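Please load the model, switch to a cartoon view, and keep a selection panel at hand. The stops below follow one another, so it helps to leave each selection visible while making the next.

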Amino acid sequence: MAATTTFSLPHHRPFSAPTSSTIPPSKQKYVPTTGTYPLGFLASGTHVGIKPSNTRTPDLALIASTTPCAAAAVFTQNKFQAAPVVVSREVLRRRGGDGVRAIVINSGCANAVTGKKGVEDAEKMGVEVDRCLVQEGIMADTDDGLGSRTLIMSTGVIGQPLPIQKILSHIPNAYTTLSPTHSSFLSAARAICTTDTFPKLLSMPFTLPSSPGTTYHLCGMTKGAGMIHPNMATLLGILCTDAPIASSALPGLLKHAVERSFNAISVDGDTSTNDTLAILANGAAGGPQISSPSSPGYPEFLTTLTSFSSSLAQLIIRDGEGATKFVTIRVSRAASFADAKRIASTIARSPLVKTALYGKDANWGRILCATGYAEGVSALLPERTSVSFRPTDGSPGLKLLVNGEPEQVDEVRASEILEMEDLEIVVDLGVGTEEAVYWTCDFSHEYVTINGDYRT
């Protein structure tokens, strides 16, 4: 996998999202300088100027395949679903997850809570991409009678209409500049950013025992720094692979991977109106098709996709608005995975836990409190519960509570651990064998500053 999956400790974390496209020095290590991308996939990033203040940064991304793809997606469960969510869901339903060719994404405007016109505008974006796909050129195509082949995503301010004519006039340029190069994929990753301080892009080669001697590829890009607490059946994600995965298998694979990655992160507890994560598989690398859980290669691809998705999702926490810490919450020895995840999620979104982490305060009572009020937990015994801090540098951890009994906390050691950017909170329930992991960050003064003037 690209070097961006190795997370070392930066010496300094600039809090605010930059006003230009310059990547903060401490974030450069998360941006890949090379990549290995799936065969048949192309990308581009184009400047439109959707927000008047954006005079040069790409804000329209296009990802396309030279051949039809199997596709699947998961969407926000927010009741106010943005127009591109509605339109993309319908595209997948009508096509049965087959024959998708492209994903077009704009940043700068969410096209959410924009009424019928918002839906019409999202549809127009797809129609214009489709028009480009059928013109003579690198991707001649034919109409199969099932409607649009393009998924739509948008991110930005809610409640404002798209400058649709401006966008439509730039889609042909986005199409003609499509390329399989690393720089093109990186430009597309930049184009979907809003308050992100760096583009989030990963790629990797992998193999499957069902096709010995064949090298497959997986790439992904995502955006998000705030309004992050996905609850998917302002986070967007695109995954592409040249492995031969059938549309019948993709939804199950994606759901499993998302449950352990993008649905296991939280910056601020807010679930966006636009959350969408889509995967395209064009099978360009060849090999026997994987069509069900019983197909050879299915378990191995499931493991690869889940691990890759986890690495990609963690980049969002690395870039949490105003964040100074990357926090792993591990709930172990639970009666069920569902119990463990509910508790980890509750701790991750607790403002009191997050502010204590920012203040470097070993206030484990807040962790225990959040554990206790987690809803829907079937088995929780206070007298068996233990809590500890675990640094990620290999140095000794710190026990805070053991089997319901408080420890004499070494405040000096607690201070040392809480000074680190990376740390792990371990909650051992002592009632079973299941475990869940969640990733979150702290709340700082700067989070309020960023979101207090987001629209400007």
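**Helices on a sheet**

Begin by selecting helix H6, residues 298–318, in this predicted model; H6 lies across strands S8, S10, S14 (422–428) and S15, and runs at about 35° to S15. Then add helix H7, residues 337–348, which also packs on the sheet, where H7 touches S8, S10, S14 and S15 and takes a direction at about 20° to that of S15.

Now colour the sheet itself, which is open and has seven strands in the order S8-S15-S10-S14-S11-S12-S13, with mixed pairing. At its edges stand S8 (265–266) and S13 (405–406), and each has a single partner strand, so one side of each is left without a neighbour in the sheet.

**The S10–S15 pair**

Select residues 326–334 for S10 and 434–441 for S15, two strands that run antiparallel and are joined by seven bridges. Which residue of S15 is the bridge partner of phenylalanine 326? That partner is cysteine 441, which counts as buried because its relative accessibility is 0%. Draw a distance from the C-alpha atom of cysteine 441 to that of valine 327, and the separation should read 5.4 Å, although the two residues are 114 residues apart along the chain.

Next, show the side chain of isoleucine 329 and, setting aside its neighbours within four places in sequence, display its contacts, which are Ala344, Ile347, Ala348, Ile425, Ala436, Val437, Tyr438 and Thr440.

**The largest nonpolar core**

Ile329 also leads into the largest nonpolar core, which has 133 residues, and in which Ile105, Met221, Ile245, Ile329 and Phe389 touch the most other members. To see the element that gives the most to this core, select strand S2, residues 60–75, which supplies eleven residues.

**The enclosed strand S6**

Finally, from Met221 extend the selection to strand S6, residues 216–223, where eight of the eight residues are buried, so the strand is largely enclosed by the rest of the structure. Are the faces of S6 covered or uncovered? Both are covered, with Tyr216, Leu218, Gly220 and Thr222 buried on one side and His217, Cys219, Met221 and Lys223 buried on the other.

Add the strands paired with S6: S5 (residues 200–206) runs antiparallel to S6 and is joined to S6 by seven bridges, among them the one that links phenylalanine 206 with tyrosine 216. Strand S7 (residues 236–241) also pairs with S6 in the antiparallel sense, over six bridges, and here cysteine 219 has cysteine 240 as its bridge partner.

Key: Residues are numbered from 1 along each chain as its sequence is written. This is a predicted model: local features need pLDDT of at least 70, side-chain atom pairs count only at pLDDT 80 or more; totals for chains, interfaces and linings use all residues. Side-chain values use heavy atoms; hydrogens and water are left out. Two strands pair if DSSP finds at least two bridges between them. Helices (H or I, at least four residues) and strands (E, at least two) are DSSP runs, numbered from the N terminus. Contact means heavy atoms within 4.5 Å. Axes are lines fitted to C-alpha atoms, for helices over the stretch in contact, and angles run from 0 to 180 degrees between N-to-C directions. A nonpolar core is a set of buried Ala, Val, Leu, Ile, Met, Phe, Trp, Tyr and Cys residues joined through side-chain atoms within 4.5 Å. Buried means under 20% relative accessible area, exposed over 50%, partly exposed in between (1.4 Å probe, protein chains only).
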